[in-house]
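Subject: Structure handover

Hi,

Here is the structure I promised to pass on. My notes follow below it.

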Amino acid sequence: EEEEEEESSRDAITATTSKSSSKSSIRSITFEYPYLVDSTETQDNTTFNIIGNVSYARAMDVQLNKGYRLGWTNAIEAYAEYNRSLSNHTDINRQLGKSLEAFRVVNAAAAPPRASSRSPCFSNELRAEDGYLVKRTDHPGTCRFPRKHGYRLNGHELYINEKLWCSE
C-alpha cells in the first residue's frame, strides 16, 4: 500500500491605494496589486510531485469628476508542474511550465469601477510554454482620451497636459 503525503498552501492578497485631487478634474486614482500563490506538494513511495500557481497584477483606475474613467491593468499568471522519481533523482516523469502576461488599457464614460471589468481599447498578450514564447497577440487599439484635459498614458504613467501626474 502506497502512502501519500500532501502539503498545500494558498495566499491571496489585494493591496489598494487611492488618492484624490482637484487637479485637472481628477476625482480619484486607485492602484491595486492583487496576487495569489498556490502550491501543492505530494509524495508517495516512488515519486515526488510539486505544482505551483502564481498570479500577480498591477492596475490603475482614474475617475474624473464628469464620470469618465481610464486605466490600465498588467497581469501575469504562471503555472509549473514537476514530478520525479524518489530513487533516481534524474528520472523526471513530468515537467512543464505555462505563463500568460496581459496588458490592457481601458477608457469609457460611466463604466464599471474596475479597469479589469471593462472592454479594453488596447491590449497585448504574451503566452509562454516551457520557457519559450509561443504566442503574441497585439490589439493596437482605438484609445481616445478627452482632448480638453490632455490625458495620455505612456505605459504605466499618466500624463496630463504633457506633465507626468502619476506613475506607479
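His-89 sits in the loop that links E6 and E7. Bear in mind that the model is predicted. The relative accessible area of His-89 is 49%. That value falls between the 20% and 50% limits, so His-89 counts as partly exposed. Its side chain comes to 3.3 Å from the backbone oxygen of Leu-86. Beyond its neighbours within four places in sequence, His-89 makes contact with Tyr-82 and Arg-84. Phe-48 is 41 residues away from His-89 along the chain, with 9.7 Å between the two C-alpha atoms.

Next, the core. The largest nonpolar core counts 11 residues. Among them are the aromatics Phe-31, Tyr-68, Trp-72 and Phe-103. Ile-29, Met-60, Val-62, Leu-64, Leu-70, Val-105 and Cys-121 are also members. Four strands each supply at least two residues of this core: E3 (26–32), E5 (47–64), E6 (68–85) and E7 (92–109).

Then a pocket. The second largest one has a volume of about 170 Å³. Its lining has 13 residues. Ser-55, Ala-57, Ala-75, Ile-76 and Glu-77 lie nearest the centre of this pocket. What is the class make-up of the lining? There are 10 nonpolar residues, one polar and two charged. Strand E4 (35–43) gives at least two residues to the lining, and E5, E6 and E7 each do so too. E5, E6 and E7 thus appear in both lists, for the core and for the pocket lining.

Best wishes

Technical notes:
Residues are numbered from 1 along each chain as its sequence is written. This is a predicted model: local features need pLDDT of at least 70, side-chain atom pairs count only at pLDDT 80 or more; totals for chains, interfaces and linings use all residues. Side-chain values use heavy atoms; hydrogens and water are left out. A nonpolar core is a set of buried Ala, Val, Leu, Ile, Met, Phe, Trp, Tyr and Cys residues joined through side-chain atoms within 4.5 Å. Buried means under 20% relative accessible area, exposed over 50%, partly exposed in between (1.4 Å probe, protein chains only). On a 1 Å grid over the protein atoms alone, a cavity is a set of points where a 1.4 Å probe fits but cannot get out, and a pocket is an open set with protein on both sides within 12 Å along at least five of seven lines; lining residues have an atom within 4 Å of a point. Grid points are joined across faces, edges and corners, and a volume is the space filled by probe spheres set on the points. Ala, Val, Leu, Ile, Met, Phe, Trp, Tyr, Cys and Pro count as nonpolar, Asp, Glu, Lys and Arg as charged, and the others, Gly among them, as polar. Contact means heavy atoms within 4.5 Å. A polar contact is a pair of N or O atoms within 3.5 Å; within protein, one must be able to donate a hydrogen and the other to accept it, and residues adjacent in sequence count only if both atoms are side-chain atoms.
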